[in-house]
Amino acid sequence: MVDVLAGRVIDNVQVVVDGERIVSVGRRGDAVPADARTIDLGERTLLPGLIDMHVHLTSDPTFSGYRGLEFTDNFWTVVGVANAAKTLAAGFTTVRNVGTDNYNDVALKQGIERGYVPGPRIVPATYALGATGGHCDSTEFPPSIPVPSPQIANSPDEFRALVRRNRKYGAEVIKICMTGGVFSKTDSVGGQQLTDDEVKAITDEAHMLGMKVAAHAHGTAGINAALRAGVDTIEHASLADATSFSLAKERGAWFSMDIYNDDYILAEGAKNGVFAESLEKERMIGRKQRETFRAAHAAGVKMVFGSDGGVYPNGDNARQFVTMTQWGMTPLEAIQAATRNAAEALGRTADVGAIAPGRYADLIAVDGDPLKDVTTLQQVRFVMKGGKVAKGS
């Protein structure tokens, strides 16, 4: 068993589960209840259920650009049902869904929790909030085609109202678009799009309501403004600098950096319909983001696993572990980013992120030793979520 809290591997482990939660973690042969069901995983390695802090379950990258317009709005909820099942089977038992339309992630969460469909635990953000003409706005249409934009605001008070509305309808985290992005048209990938006053209003309102804030931010100025405002996680963080690292450490913020998907975007994006200008942005930002990842890790910035599933196929989340180890992390550190660290960043260490008494029985098993070969995490053989076997036996 990989003990992500102690940072070590323990042999001949026995985990006792009662209902949804872990009762004890001991050694094989320890006393168990007389009526206990035994699952023997043999020589496999046991790990906590993995956590991905940045996914879009209701997205499919093969319908990029204008291709998604042929479908009705609620088609994407159905896409989410399929992606949720793939994600759980891949060993990710908890995800943070950072942006969708029509409260699709809340609907998906409700369906999973009531047993209608299989999937991970979902921490929903509902609509990602942004400014007119920014990354969260619909920038791909001419002015003659009006597009409803319930997530767009242009003042501190307007953003406070949106935070309240998102929470009212099921959001458990607030996602904001602090800078431009790769897949939005007409904006600079790193340009700041929310004022300092606006991001401070969002963060203050969310924290007052007991929610954390995740900021999409590629550019240096936007990253640093978000950190000064008290944002909890920086998504992408591509152009973060030494000041960013210092601010993150001072404020206790986390970096969530999607450094695998550059490979997929550049290899598959054109045939999937990704805009030419978006591919050019990706060429500009992808390598730099990986270099920033390495520098942030070396500087001691706290980091979580965030893959941006939906920009590449959901279910392939574990491919990012290889990229993380290629750019500075040890296999153990990469695994901790997707377990212990992610649970801390979510504020849910009582429930997920480790194999420990009292936490949910979210367990996975792989062949071999993932601390020697992280590719084993791409072939999860056994998944248990909340004490129920979801894959394997």
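## A residue pair to start from

Thr-94 sits across from Arg-121, a residue of strand β8. This is a predicted model, and that pair is a handy way into one of its sheets. Thr-94 belongs to β7, the strand made of residues 92–97, and β7 pairs with β8 in the parallel sense over four bridges.

Helix α2, residues 104–113, packs on the sheet here and touches both β7 and β8. The direction of α2 makes about 155 degrees with that of β8.

## The three-stranded sheet

Now for the sheet as a whole. Three strands build it, in the order β6-β7-β8; the sheet is open and its pairing is parallel. As general background, strands of a sheet pair through backbone hydrogen bonds, in either a parallel or an antiparallel way.

Which strands stand at the edges? They are β6 (50–55) and β8 (121–124): each has a single partner strand, so one side of each is left without a neighbour in the sheet. From one strand to the next, the twist averages 15 degrees.

## The disulfide

How many disulfides does the model have? The count comes to one, taking cysteine sulfur atoms within 2.5 Å as the cut-off. The bond joins Cys-136 to Cys-177, with an S to S distance of 1.9 Å.

As for handedness, the torsion about the S-S bond of Cys-136 and Cys-177 is about 65 degrees, so this disulfide is right-handed. Cys-136 lies in the loop between β8 and α3 (156–168), while Cys-177 is in strand β9 (residues 173–177), so the pair ties together parts that are 41 residues apart in sequence.

Buried or exposed: which word fits Cys-136 and Cys-177? Cys-136 is buried, and Cys-177 is buried too.

## The five-stranded sheet

Strand β9, which holds Cys-177, also takes us to another sheet. Five strands form this one, again open, in the order β9-β10-β11-β12-β13, and the pairing is parallel. The edges belong to β9 and β13 (302–304), each of which pairs on one side only. On average, neighbouring strands of this sheet are turned by 25 degrees against each other, direction ignored.

Over at the β13 edge, what joins β12 to β13? Strand β12, residues 254–256, runs parallel to β13, and three bridges join the two. Within this stretch, Ser-256 stands opposite Val-304 of β13.

Terms used:
Residues numbered from 1 in each chain as written. Predicted model: local features only at pLDDT ≥ 70, side-chain atom pairs only at ≥ 80, totals over all residues. Heavy atoms only, no water. Pairing = 2+ DSSP bridges. Axes fitted to C-alpha atoms, helices over the stretch in contact; angles between N-to-C directions. Contact = heavy atoms within 4.5 Å. Buried < 20%, exposed > 50% of the residue type's maximum accessible area, 1.4 Å probe, protein only.
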